[in-house]
Every structure is written in C-alpha cells, then in structure tokens.
Amino acid sequence: MRCVFIKTYGCQMNERDSEQVAKMLGERGYRMVADESEADVILLNTCSVRDMAEQKAIGKMGMLRKLRKLRPHLVLGYLGCMAQARGGSLIETSPHVDLVVGTQKFHRVADYVDDLLRCRMESLIDDVRRPIVDVDEEEGSQRAINGQEVADGQCSAFVSIMQGCNRHCAFCIVPQTRGRERARPIVEIADEVRTLAARGVREVTLLGQIVNLYGRQEFPSRDGLSPFVQLLEEVCAVDGIERVRFTSPHPIGFDSDLVEAFARLPKLAEHVHLPLQSGSDRILKAMRRGYTAGAFSQLVERLRATRPGIAITTDIIVGFPGETDGDYLASREIADRIGFDNAFVFRYSPRQNTPAATMDNQISEDVRESRNKDLLEVVNRHVSLKLDAMVGTDVDILCEGKSRNNPDRLSGRTRTNKIVVFEGAPRHVGEIFPVRIVRASSSTLYGDPAVLE
Ligand code: SF4
C-alpha cells in the first residue's frame, strides 16, 4: 500500500485542510504514516502568516531531498498558504519538489499524487520530472473541505465553514493566500455536524478567517439574525453536540445578535478568542483594523455582562511599523486592564507584498523583543491569577484523551477552554463530567474527578 506523510505548519485551518487531504488520499487507497522515512509521498502544508513557519518548511523540504536516494520514486510536495503565495517559484528554489498546490485546490491533490507516483513508479528515472503547480482560483472550492474521519474516542472536531477574507489588514497575507470570502451553505455544515455527532463527537469548533462574518456575501439575514447566528442556532440544535466554539472572529463582526446568542444558546461555550492586535488607536488605524481600543473594551464588557465568567483570549502584535513607546504602553495598559485569560503575543514580522512591509519606521528587533518579553509578563500574570482562582472549584470537562506531556494521565477542557490534567481511566475519554481543581501551574489546571464520584 502506498504511504503518505503529511506535516502541517500553522493554524487550525491548516490542520483541518491536512485532515481533508489525508481523507481524500485514504479514499484512494493511500495509508497515512507517522514516519517520513516510510513514505512514498511527503506533503508539507505550510502557513504563510509568519516567516518562521515558511523557513521551517523550506528547511525541512531541503532535508527531505536525501530520502530520495533511498526511495527514488518519492513524491515531494508543498500545499497550502505558502504554496499559494509563492507558486512556481518554489520549484525554482527547490528543484527536487514535484508538487505545489494552493489553497483552492486541495481536492485535486489525490489526482496529482496518483499521476506523479505512477510516472515515478513506471520510469524510476530520477531526472524525468514533470512538476505540477496548481494555484488557480476555483469557484466553489470552499465546499471541498467537508466531511472528515473520526478516530476512535475522538470527541472534538473542527469544521471549516468558509474560506478567505475580504479585509486587508496591513500586516496580513491571508487575503492573498486564501482569496475572497466564500461560505459553505448552512445545510451542508449542519449535515457534517450531525454526522460527527453520530460518530461520537461532543464538541465542534467552527473555523473561518473571520468566522463571524460567515455568509454575509451569500445568505440573507433572517429575523434580524446574521447568517453566522443562524448557523450557530442550527449547529446548537444538533442532538449529541454539547459544546459549540468558533474561531477566529473579528471585533467588527460582533453585532448585538451574536452577543445575545451567548445568552440564548447554552451550548455556546464560554470562550471567545478576540484578536485585539494593538491597544493604540493610531496603530489600529495603520493596521486597517476598523475598530478602536475603546470599542474593543466595550465589546469585552458586553460579552462579560451577557455571559458572566466567559473567557476572553486574544492576539497582540508588538513592534508594528511606527509603534512608539506610547503606542506600546497603550497595548500593555489594555492587556492589564482587561486581564485576558490568555494571549498570543507576536513580534511583528514583515510579510512580502503586504502594505506594512514597506512602511516607514520599521521597529528594530531589539525593541520588538523587549516589548514582547514585557507584554508576556503582563499576560502571564493574568493567566496565573485566573488559573489560581479556579483551585478548589468544580468544573465540567470534556475528556479528550491522554495528556500530551504525560501519557499516564488524561487531559480535558473546561467550557472556558482551559486544559485540565487528571488521573483517570479509559471510561473517562470522550465524556463530560465534573472534576475538582486541586492545583494550578502557570498554564495548566490539575483536577481530581474521584472526590466528586
Ligand atoms: S481579518 Fe485581517 S488579520 Fe484576519 S485574515 Fe483578514 S486580513 Fe488577515
């Protein structure tokens, strides 16, 4: 049986795309392997948002070349955002690569791999190579990321509901790599969620670049409800699904119907990942984010008032071009005032062909690094405070399986998306049950279900 190894660099959307490619290849008779040295086909699905992921993937692809000496028929390919952004230039810089497939062509990967492998198997001549590059746009391609395999004991799944983004934040390459917003129909998504529930999934996370602007191009509002809130209602109505999450929303897409949904729909979990990016209005404007720091704070207050105890996490960029000490301190101040449950702090990294990359007043690496370190201290202080405050409380967790760091323990998630590690038994996996939090480290909670049984 022909074997495939897929390595994913990037966000949950990339992970979901890789799952879909694996499923399509599986349907053609390929077997997924965890060890690249066993593979006949190696695919790197690579994010483009940060330079580091691209450099890692390019370095990895360079190293994979030597495997071809052992397996002359080996097919090597790039998929995803970096493939979309760089296209055929990847073949010029890495002539040993056979396949470059962009974000609107995942559904063609199995055909291309079949062709390339057949050619290789038949000729076995290493220098007869016809690389395939397909980074064209394709209408309806958002509907190709659908249905998925559910592993034994899997209780949580990501569901891709749309592709693309129509905004043009100055630092972001996503509109170039993912194209314009395109939504899957509500009925298709609800069907996928029903199938997942029938296979034992208890929690779904709806995925989109601006997930809360879902369907605004394609579907009408109804009874004052946006297409996204209509979709949430449908998904929450699916029997067997106990928790519904979504990521990532944009502050500008939080109209009152969505805020109120947190009061009406109990299955909506108490967690919103709400990217702030900067606490300075001047920098938010330069970033083209479309909101002010004040509007962001008000939105957080409305969410907290609507669903007390809701967790808010965020992304913040430090060192955006032109960011003064005062601008940075505004980010620090809002992070300290809001007290996020967690935050990803990014040092600004210029991306080719984005407006910010050529802006004046690029910030030195030293300054970016020191702001990053300083802001992380603020963020981590709040994370610790929130976790410590949970010690002694009882919370419901969904047990996802073995803990990543210690396979002798199990790990679950609270509704507020906090990880709880505990001593459990196989019967706990996939179940929702209460645990008492007995200890907190800087990032993890430790629980005990036994005291409550
Ligand atoms: S909203 Fe901005 S940051 Fe988010 S994907 Fe679109 S362009 Fe990128």
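1. Two strands are taken to pair if DSSP finds at least two bridges between them, and that convention underlies the first point of this note on what is a predicted model. Strand 1 (residues 3–9) and strand 3 (residues 41–46) pair in the parallel sense, over six bridges, and within this pairing Val4 has Val41 of strand 3 opposite it. Strand 1 is also joined to strand 2 (residues 31–32) by two bridges, and these strands likewise run parallel; here Val4 stands opposite Met32. Val4 therefore has a partner in strand 2 as well as one in strand 3, given that pairing rests on the bridges that DSSP finds.

2. The surroundings of strand 1 can be described a little further. Six of the seven residues of strand 1 are buried, so that the strand is mostly covered, where buried means under 20% relative accessible area. Together with helix 1 (residues 12–27) and strand 2, strand 1 makes a β-α-β unit, and the unit is right-handed. As a general matter, the side chains of a regular strand alternate between the two faces of the sheet.

3. A second set of paired strands involves strand 15 (394–402), strand 16 (residues 410–414) and strand 17 (residues 419–422). Strand 15 is joined to strand 16 by five bridges, and the two run antiparallel; strand 16 in turn pairs with strand 17 over four bridges, also in the antiparallel sense. Gly412 of strand 16 has Cys399 opposite it, and its bridge partner in strand 17 is Val420. Strand 16 is largely enclosed by the rest of the structure, because four of its five residues are buried. Between strand 16 and strand 17, which form a hairpin, there are four residues, and Asn417 in the turn has a positive phi of about 70°.

4. Two further residues with positive phi deserve a look, and both lie in loops. Asp223 is placed in the loop between strand 10 and helix 9 (227–236), and although Asp223 is not a glycine, its phi is positive, at about 50°. Gln277 is placed in the loop between strand 12 (271–273) and helix 11 (281–287), with a phi near 75°, again a positive value in a residue other than glycine. Is each of these residues buried or exposed? Asp223 is exposed, because its relative accessible area is 72%, whereas Gln277, with a relative accessible area of 7%, counts as buried.

5. One peptide bond should be checked by eye: the bond from Thr247 to Ser248 is cis, with omega near -10°. Ser248 is found in the loop between strand 11 (243–247) and helix 10 (256–264).

6. Two buried residues can be described through their contacts. Glu203 lies in strand 10 (residues 203–207) and counts as buried because its relative accessibility is 2%. Residues up to four places away in sequence aside, Glu203 touches Cys155, Ser156, Ala157, Arg243, Arg245, Leu398 and Glu400. Ile161, in the loop between strand 7 (156–160) and strand 8 (162–163), has a relative accessibility of 0% and so counts as buried. With neighbours within four places in sequence left aside, the contacts of Ile161 include Ala183, Arg184, Ile189, Leu206, Leu207, Val211 and Tyr214, and also Phe228 and Leu231. The C-alpha atoms of Ile161 and Glu138 are separated by 17 Å, the two residues being 23 apart along the chain.

7. The search of the whole structure for enclosed space finds one cavity of 30 Å³ or more, and the volume of the largest cavity is about 40 Å³. Its lining includes Thr103, Gln104, Lys105, Phe106 and His107, as well as Ser141, Gln142, Ala144, Ile145, Gln163 and Arg182. By class, this lining is made of three nonpolar, six polar and two charged residues.

8. The second largest pocket holds about 210 Å³ of space. It is lined by 13 residues, of which Gly309, Asp341, Met390, Thr416 and Lys418 are the closest to its centre. Helix 14 (365–390) and strand 15 are the elements that give two or more residues to this lining. Which classes of residue make up the lining of this pocket? The lining divides into four nonpolar, three polar and six charged residues.

Technical notes:
Residues are numbered from 1 along each chain as its sequence is written. This is a predicted model: local features need pLDDT of at least 70, side-chain atom pairs count only at pLDDT 80 or more; totals for chains, interfaces and linings use all residues. Side-chain values use heavy atoms; hydrogens and water are left out. Buried means under 20% relative accessible area, exposed over 50%, partly exposed in between (1.4 Å probe, protein chains only). A crossover is right-handed if, with the strands pointing away from the viewer, the path from the first strand over the helix to the second runs clockwise. On a 1 Å grid over the protein atoms alone, a cavity is a set of points where a 1.4 Å probe fits but cannot get out, and a pocket is an open set with protein on both sides within 12 Å along at least five of seven lines; lining residues have an atom within 4 Å of a point. Grid points are joined across faces, edges and corners, and a volume is the space filled by probe spheres set on the points. Ala, Val, Leu, Ile, Met, Phe, Trp, Tyr, Cys and Pro count as nonpolar, Asp, Glu, Lys and Arg as charged, and the others, Gly among them, as polar. Contact means heavy atoms within 4.5 Å.
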